[in-house]
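Q: I am new to this structure and would like a close look at one part of it, with its surroundings explained step by step. Please begin with the aromatic rings and go on to the way the side chains are packed.

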Amino acid sequence: MEVYFTGLLLGFSLIIAIGSQNAFVLRQGLRRQNVLLVCTLCALSDAALIALGVAGFGLLIEKMPWVEPAARYAGALFLFAYGARSLWAALKPSDANLTPASDNAAAVGKVVLTCLAFTWLNPHVYLDTVILLGSISTQYDGQKWLFGAGAMTASVLFFFSLGFGARLLT
(Lines give C-alpha, C1' and ligand atoms only; values in the text may rest on other atoms or scores of the structure.)
Protein backbone atom coordinates (compact mmCIF):
# COMPACT_ATOMS: atom_id res chain seq x y z
CA MET A 1 0.00 0.00 0.00
CA GLU A 2 3.01 2.28 0.42
CA VAL A 3 3.41 2.47 -3.37
CA TYR A 4 -0.29 3.34 -3.77
CA PHE A 5 -0.07 6.16 -1.20
CA THR A 6 3.11 7.46 -2.82
CA GLY A 7 1.23 7.74 -6.13
CA LEU A 8 -1.74 9.32 -4.36
CA LEU A 9 0.36 11.99 -2.62
CA LEU A 10 2.46 12.74 -5.68
CA GLY A 11 -0.71 12.92 -7.79
CA PHE A 12 -2.22 15.44 -5.36
CA SER A 13 0.96 17.52 -5.30
CA LEU A 14 0.95 17.80 -9.09
CA ILE A 15 -2.76 18.44 -9.66
CA ILE A 16 -3.35 21.00 -6.93
CA ALA A 17 -1.80 23.86 -8.92
CA ILE A 18 -4.58 25.89 -10.49
CA GLY A 19 -4.08 25.84 -14.23
CA SER A 20 -6.51 26.32 -17.07
CA GLN A 21 -8.16 22.92 -16.61
CA ASN A 22 -8.69 23.36 -12.87
CA ALA A 23 -9.91 26.93 -13.34
CA PHE A 24 -12.48 25.61 -15.83
CA VAL A 25 -13.68 22.95 -13.37
CA LEU A 26 -13.92 25.60 -10.64
CA ARG A 27 -15.86 27.93 -12.95
CA GLN A 28 -18.33 25.19 -13.86
CA GLY A 29 -18.71 24.38 -10.17
CA LEU A 30 -19.39 28.01 -9.32
CA ARG A 31 -21.97 28.16 -12.11
CA ARG A 32 -23.38 24.78 -10.99
CA GLN A 33 -23.54 23.75 -14.60
CA ASN A 34 -22.59 20.29 -15.90
CA VAL A 35 -20.38 19.71 -12.86
CA LEU A 36 -20.70 15.92 -12.83
CA LEU A 37 -19.95 15.75 -16.55
CA VAL A 38 -16.90 18.04 -16.32
CA CYS A 39 -15.45 16.28 -13.27
CA THR A 40 -15.97 12.89 -14.90
CA LEU A 41 -14.34 13.95 -18.18
CA CYS A 42 -11.34 15.42 -16.37
CA ALA A 43 -10.90 12.41 -14.09
CA LEU A 44 -11.22 9.89 -16.93
CA SER A 45 -8.85 11.89 -19.13
CA ASP A 46 -6.27 12.10 -16.35
CA ALA A 47 -6.62 8.37 -15.71
CA ALA A 48 -6.02 7.65 -19.41
CA LEU A 49 -2.97 9.92 -19.50
CA ILE A 50 -1.54 8.43 -16.30
CA ALA A 51 -2.08 4.95 -17.73
CA LEU A 52 -0.28 6.04 -20.90
CA GLY A 53 2.66 7.28 -18.84
CA VAL A 54 2.81 4.17 -16.67
CA ALA A 55 2.53 1.91 -19.73
CA GLY A 56 5.63 3.50 -21.20
CA PHE A 57 5.40 6.85 -22.94
CA GLY A 58 9.16 6.64 -23.49
CA LEU A 59 8.61 3.79 -25.94
CA LEU A 60 6.30 5.97 -28.06
CA ILE A 61 8.84 8.80 -28.18
CA GLU A 62 11.57 6.36 -29.26
CA LYS A 63 9.39 5.09 -32.13
CA MET A 64 7.86 8.45 -33.13
CA PRO A 65 10.05 11.35 -31.97
CA TRP A 66 7.83 13.91 -33.73
CA VAL A 67 5.01 13.35 -31.19
CA GLU A 68 6.69 15.30 -28.39
CA PRO A 69 7.34 18.57 -30.30
CA ALA A 70 3.95 18.33 -32.04
CA ALA A 71 2.16 18.08 -28.70
CA ARG A 72 4.26 20.91 -27.28
CA TYR A 73 3.51 23.33 -30.15
CA ALA A 74 -0.18 22.43 -30.33
CA GLY A 75 -0.49 22.98 -26.60
CA ALA A 76 1.37 26.29 -26.74
CA LEU A 77 -0.89 27.50 -29.55
CA PHE A 78 -3.98 26.54 -27.55
CA LEU A 79 -2.72 28.26 -24.39
CA PHE A 80 -1.86 31.41 -26.35
CA ALA A 81 -5.33 31.52 -27.91
CA TYR A 82 -6.99 30.90 -24.55
CA GLY A 83 -4.84 33.58 -22.91
CA ALA A 84 -5.79 36.09 -25.60
CA ARG A 85 -9.46 35.21 -25.16
CA SER A 86 -9.17 35.61 -21.38
CA LEU A 87 -7.44 38.96 -21.77
CA TRP A 88 -10.21 40.14 -24.07
CA ALA A 89 -12.85 38.99 -21.58
CA ALA A 90 -11.03 40.75 -18.73
CA LEU A 91 -10.98 44.01 -20.65
CA LYS A 92 -14.74 43.78 -21.16
CA PRO A 93 -15.95 42.48 -17.78
CA SER A 94 -19.49 41.24 -17.45
CA ASP A 95 -21.59 39.66 -14.70
CA ALA A 96 -22.79 37.15 -17.30
CA ASN A 97 -19.72 34.93 -16.79
CA LEU A 98 -21.30 33.06 -13.89
CA THR A 99 -24.89 32.87 -15.09
CA PRO A 100 -26.17 29.61 -16.50
CA ALA A 101 -26.54 29.36 -20.25
CA SER A 102 -30.10 29.59 -21.53
CA ASP A 103 -29.74 26.81 -24.11
CA ASN A 104 -28.60 23.84 -22.03
CA ALA A 105 -28.31 21.42 -24.99
CA ALA A 106 -25.94 23.73 -26.85
CA ALA A 107 -24.10 24.52 -23.63
CA VAL A 108 -23.39 20.83 -22.94
CA GLY A 109 -21.65 20.35 -26.28
CA LYS A 110 -19.61 23.49 -25.80
CA VAL A 111 -18.72 22.49 -22.23
CA VAL A 112 -17.58 19.03 -23.36
CA LEU A 113 -15.41 20.41 -26.15
CA THR A 114 -13.93 23.10 -23.91
CA CYS A 115 -13.22 20.59 -21.15
CA LEU A 116 -11.55 18.16 -23.54
CA ALA A 117 -9.53 20.98 -25.11
CA PHE A 118 -8.29 22.17 -21.69
CA THR A 119 -7.27 18.64 -20.89
CA TRP A 120 -5.89 17.16 -24.10
CA LEU A 121 -4.29 20.30 -25.59
CA ASN A 122 -2.58 21.40 -22.40
CA PRO A 123 1.14 20.59 -22.45
CA HIS A 124 1.33 20.88 -18.66
CA VAL A 125 -1.11 17.97 -18.32
CA TYR A 126 1.17 15.76 -20.43
CA LEU A 127 4.23 16.84 -18.48
CA ASP A 128 2.64 15.90 -15.15
CA THR A 129 0.69 12.78 -16.07
CA VAL A 130 2.51 11.10 -18.91
CA ILE A 131 6.11 12.15 -18.52
CA LEU A 132 6.63 12.83 -14.80
CA LEU A 133 4.30 10.22 -13.28
CA GLY A 134 5.21 7.75 -16.02
CA SER A 135 8.92 8.10 -15.40
CA ILE A 136 8.58 7.94 -11.61
CA SER A 137 6.45 4.80 -11.92
CA THR A 138 9.47 2.96 -13.36
CA GLN A 139 11.01 3.01 -9.86
CA TYR A 140 8.31 0.59 -8.73
CA ASP A 141 9.10 -2.42 -10.87
CA GLY A 142 6.22 -4.86 -10.61
CA GLN A 143 4.08 -2.32 -8.72
CA LYS A 144 4.01 0.60 -11.12
CA TRP A 145 0.28 0.10 -11.76
CA LEU A 146 -0.37 0.41 -8.03
CA PHE A 147 1.52 3.72 -8.11
CA GLY A 148 -0.54 4.78 -11.13
CA ALA A 149 -3.78 3.80 -9.36
CA GLY A 150 -2.82 6.09 -6.48
CA ALA A 151 -2.23 8.99 -8.86
CA MET A 152 -5.53 8.27 -10.63
CA THR A 153 -7.34 8.27 -7.29
CA ALA A 154 -5.84 11.69 -6.51
CA SER A 155 -7.24 13.02 -9.79
CA VAL A 156 -10.73 11.68 -9.10
CA LEU A 157 -10.77 13.02 -5.55
CA PHE A 158 -9.39 16.41 -6.58
CA PHE A 159 -11.66 17.07 -9.56
CA PHE A 160 -14.83 16.05 -7.77
CA SER A 161 -13.86 18.01 -4.64
CA LEU A 162 -13.04 21.08 -6.71
CA GLY A 163 -16.14 20.92 -8.90
CA PHE A 164 -18.69 20.13 -6.20
CA GLY A 165 -16.87 22.05 -3.45
CA ALA A 166 -17.05 25.23 -5.51
CA ARG A 167 -20.68 25.71 -4.45
CA LEU A 168 -19.36 26.42 -0.96
CA LEU A 169 -17.61 29.49 -2.37
CA THR A 170 -20.86 30.96 -3.67
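A: A search of the whole structure, which is a predicted model, finds 6 aromatic pairs. One of them joins Trp120 and Tyr126, whose ring centres are 6.5 Å apart and whose planes stand at 65 degrees, so this pair is edge-to-face, because planes over 60 degrees apart count that way. Trp120 is partly exposed, with a relative accessible area of 34%, and Tyr126, at 21% relative accessibility, also counts as partly exposed, because buried means under 20%. Another pair is made by Tyr140 and Phe147, with ring centres 5.2 Å apart and planes at 20 degrees, so it is stacked, the limit for stacking being under 30 degrees. Both Tyr140 and Phe147 are buried.

To place these rings, it helps to know the fold around them. The protein has 7 helices and 0 strands, and the pattern read along its sequence is α-α-α-α-α-α-α. Of its 170 residues, 36% count as buried. Among the contacts between residues at least 6 apart in sequence, 86% join residues at least 24 apart.

Next comes the interior. In soluble globular proteins, nonpolar side chains tend to be buried together. The largest nonpolar core here has 17 residues, and those with the most contacts inside it are Phe24, Val25, Val38, Cys42, Cys115, Phe158 and Phe159. At least two residues of this core are supplied by each of helix 2 (20–31), helix 3 (35–63), helix 5 (104–120) and helix 7 (144–165), and the largest share, 6 residues, comes from helix 3. Cys115 can serve as an example of the packing, since leaving aside residues up to four places away in sequence, Cys115 touches Phe24, Val38, Leu41 and Cys42. Apart from the largest core lies another one, of 9 residues, and among them are Val3, Ile50, Val54 and Leu133.

Two residues of that other core, Ile50 and Val54, are touched by Gly148, again not counting residues up to four places away in sequence. Gly148 is found in helix 7, and at 0% relative accessibility Gly148 counts as buried. The C-alpha atoms of Gly148 and Ser137 are separated by 7.0 Å, although these two residues are 11 residues apart along the chain.

From the interior the view can turn to the outside. The accessible surface of the protein comes to about 9,700 Å², and 70% of that surface belongs to carbon and sulfur atoms. Leu87, Trp88 and Leu91 make a nonpolar surface patch of about 380 Å². Trp88 lies in helix 4, which covers residues 67–91, and with a relative accessible area of 55% Trp88 is exposed, because exposed means over 50%.

Finally, the backbone deserves attention at one connection. Most residues other than glycine have a negative phi. Arg32 has a phi near 55 degrees, a positive value in a residue other than glycine, and the place of Arg32 is the loop between helix 2 and helix 3. With a relative accessible area of 48%, Arg32 is partly exposed. Asn34, for which phi is near 55 degrees and therefore positive in a residue other than glycine, is also found in the loop between helix 2 and helix 3. This loop thus holds Arg32 and Asn34, while helix 2 and helix 3 on its two sides each supply at least two residues of the largest core.

Key:
Residues are numbered from 1 along each chain as its sequence is written. This is a predicted model: local features need pLDDT of at least 70, side-chain atom pairs count only at pLDDT 80 or more; totals for chains, interfaces and linings use all residues. Side-chain values use heavy atoms; hydrogens and water are left out. Helices (H or I, at least four residues) and strands (E, at least two) are DSSP runs, numbered from the N terminus. Buried means under 20% relative accessible area, exposed over 50%, partly exposed in between (1.4 Å probe, protein chains only). Contact means heavy atoms within 4.5 Å. Accessible areas come from the Shrake-Rupley method with a 1.4 Å probe; for residues, only the protein chains shown count as cover. A nonpolar core is a set of buried Ala, Val, Leu, Ile, Met, Phe, Trp, Tyr and Cys residues joined through side-chain atoms within 4.5 Å. Patches are made of residues with over 30% relative accessible area and no salt bridge: like charges are joined within 9 Å, nonpolar side chains (Val, Leu, Ile, Met, Phe, Trp, Tyr) within 5 Å. A salt bridge is a side-chain nitrogen of Lys or Arg within 4 Å of a carboxyl oxygen of Asp or Glu.
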